[in-house]
Amino acid sequence: MMRQGPAALPPRAAMCNPSQRAPYLAGTTVPNSDLASLFECPVCFDYVLPPILQCHSGHLVCSTCRPKLSCCPTCRGPLASIRNLAMEKVANSVLFPCKYAATGCWLALRHTEKAEHEEMCEFRPYVCPCPGALCKWQGSLEAVMPHLMHQHESITTLQGEDIVFLATDINLPGAVDWVMTQSCFGVHFMLVLEKQEKFHGHQFFAIVQLIGTHKQAENFAYRLELNGHRRRLTWEATPRSIHEGIATAIRNSDCLVFDTRMAQLFAENGNLGINVTISMC
């Protein structure tokens with residue numbers, strides 16, 4: 001598909017099986033789940049985590065909801081900036097459920113580890129991996145490929161460990177993306193070639209993602225290769241999970257990078273073929 005347009009879990013994480021009674025904290029007879037419930041935000045029902053601020057009556061609200069409110073949602077009094085040090089001390093001893101508990105995550109974490117885990121949680125909804133921000137779809141991992149097949153029909157899927165990713169009309173002006181999927185070893189990969197406008201011309205970024213989790217991606221390696229007359233340009237790396245996306249890799253040039261002049265050395269009639277090889281580690 002071509003689009004033209006603008007450009008390991010935290011070491012202290014604990015398993016929490018919802019079918020069992022919540023763990024007890026040392027030195028108390030109050031279940032961890034009951035303590036965590038004391039920190040529920042009355043607006044969004046997420047957790048109020050340090051730094052914890054209260055109104056004059058002692059009511060709490062999370063840091064996400066607080067900027068949107070003009071008064072306390074519980075007592076309707078003015079919102080103050082009073083630190084509740086006692087609740088912060090209690091929060092340091094509580095394990096909070098992952099925000100994706102409803103979709104299957106059983107982890108309970110300290111508040112200092114919660115946000116980092118949730119950024120990478122395998123139960124976090126997947127977003128559409130197509131480049132650009134036009135598609136707002138979200139869903140489970142199992143639904144990603146059906147979504148691509150039915151809503152992005154222009155994406156070609158090739159079978160096999162060794163394929164040729166053909167990007168046509170690479171001389172088109174502006175920012176352009178070429179996308180295709182590759183199926184092998186019982187899983188699916190997404191190949192992206194992105195052309196960006198730079199001050200000194202254009203740059204191309206080529207990268208492979210696994211339509212799967214970060215842990216699954218570590219089981220594979222990929223090689224991208226450009227071949228021309230007595231010339232070869234190669235990049236080898238571990239594929240990224242579509243959960244991670246490609247923005248960071250492109251920003252850090254952690255992918256196959258080449259400019260327009262380099263692309264012309266390997267292109268034929270404005271088309272660029274990239275050999276893609278997937279292997280298991």
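Modeller: In what follows, helices (H or I, at least four residues) and strands (E, at least two) are DSSP runs, numbered from the N terminus. The model under discussion is predicted.

Colleague: Where does Arg230 lie?
Modeller: Arg230 is not a glycine, yet has a positive phi of about 55°. Most residues other than glycine have a negative phi. The place of Arg230 is the loop between β14 and β15 (231-237).

Colleague: Does Arg230 count as buried or exposed?
Modeller: The cut-off for the upper class is over 50% relative accessible area. Arg230 has a relative accessibility of 79%, and therefore counts as exposed.

Colleague: How does Ser253 count in terms of relative accessibility?
Modeller: Ser253, also not a glycine, has a positive phi near 55°, and lies in the loop between α6 and β17 (256-259). Values between 20% and 50% form the middle class. Because the relative accessibility of Ser253 is 40%, this residue counts as partly exposed.

Colleague: Which two residues does a cis peptide bond join?
Modeller: Most peptide bonds are trans. One bond here has an omega of about -5°, and is cis. Its second residue sits in the loop between α1 and β3. The residues joined are Pro50 and Pro51.

Colleague: What kind of aromatic pair do Phe39 and Phe96 form?
Modeller: Six aromatic pairs are found in a search of the whole structure. For Phe39 and Phe96 the ring centres lie 5.4 Å apart and the planes stand at 85°; planes over 60 degrees apart meet the criterion, so the pair is edge-to-face.

Colleague: How many residues apart are Phe39 and Phe96?
Modeller: Both Phe39 and Phe96 are buried, and ring pairs join them with Tyr47 in a cluster. Phe39 belongs to the loop between α1 (32-37) and β3 (53-54), and Phe96 to strand β5 (residues 96-97). The pair thus links distant parts of the chain, and its separation is 57 residues.

Colleague: Of the tilted pair Phe185 and Phe220, which residue is buried?
Modeller: The ring centres of this pair are 6.0 Å apart, with 45° between the planes. Phe185 lies in the loop between β11 (176-184) and β12, and Phe220 in strand β14 (residues 220-228). At 33% relative accessibility, Phe185 counts as partly exposed. With a relative accessible area of 6%, under the 20% cut-off, the buried residue is Phe220.

Colleague: Which strand gives the most to the largest nonpolar core?
Modeller: In soluble globular proteins, nonpolar side chains tend to be buried together. The largest nonpolar core here has 47 residues, and those with the most contacts inside it include Leu148, Phe165, Leu193 and Leu272. Beyond its neighbours within four places in sequence, Leu193 touches residues including Phe165, Trp178, Phe204 and Phe258. With six residues, the strand that gives the most to the core is β13 (residues 201-210).

Colleague: Which element gives the most to the lining of the second largest pocket?
Modeller: This pocket holds about 400 Å³ of space. Of its 17 lining residues, the closest to the centre are Pro131, Gly132, Gly245, Ile246 and Ala247. The lining divides into nine nonpolar, five polar and three charged residues. Two or more lining residues come from each of β12 (187-198) and α6 (247-251), and the element that gives the most, with four residues, is α6.

Key: Residues are numbered from 1 along each chain as its sequence is written. This is a predicted model: local features need pLDDT of at least 70, side-chain atom pairs count only at pLDDT 80 or more; totals for chains, interfaces and linings use all residues. Side-chain values use heavy atoms; hydrogens and water are left out. A nonpolar core is a set of buried Ala, Val, Leu, Ile, Met, Phe, Trp, Tyr and Cys residues joined through side-chain atoms within 4.5 Å. Buried means under 20% relative accessible area, exposed over 50%, partly exposed in between (1.4 Å probe, protein chains only). Contact means heavy atoms within 4.5 Å. On a 1 Å grid over the protein atoms alone, a cavity is a set of points where a 1.4 Å probe fits but cannot get out, and a pocket is an open set with protein on both sides within 12 Å along at least five of seven lines; lining residues have an atom within 4 Å of a point. Grid points are joined across faces, edges and corners, and a volume is the space filled by probe spheres set on the points. Ala, Val, Leu, Ile, Met, Phe, Trp, Tyr, Cys and Pro count as nonpolar, Asp, Glu, Lys and Arg as charged, and the others, Gly among them, as polar. Rings of Phe, Tyr and Trp (its six-membered ring) pair if their centres lie within 6.5 Å; planes under 30 degrees apart count as stacked, over 60 as edge-to-face and the rest as tilted.
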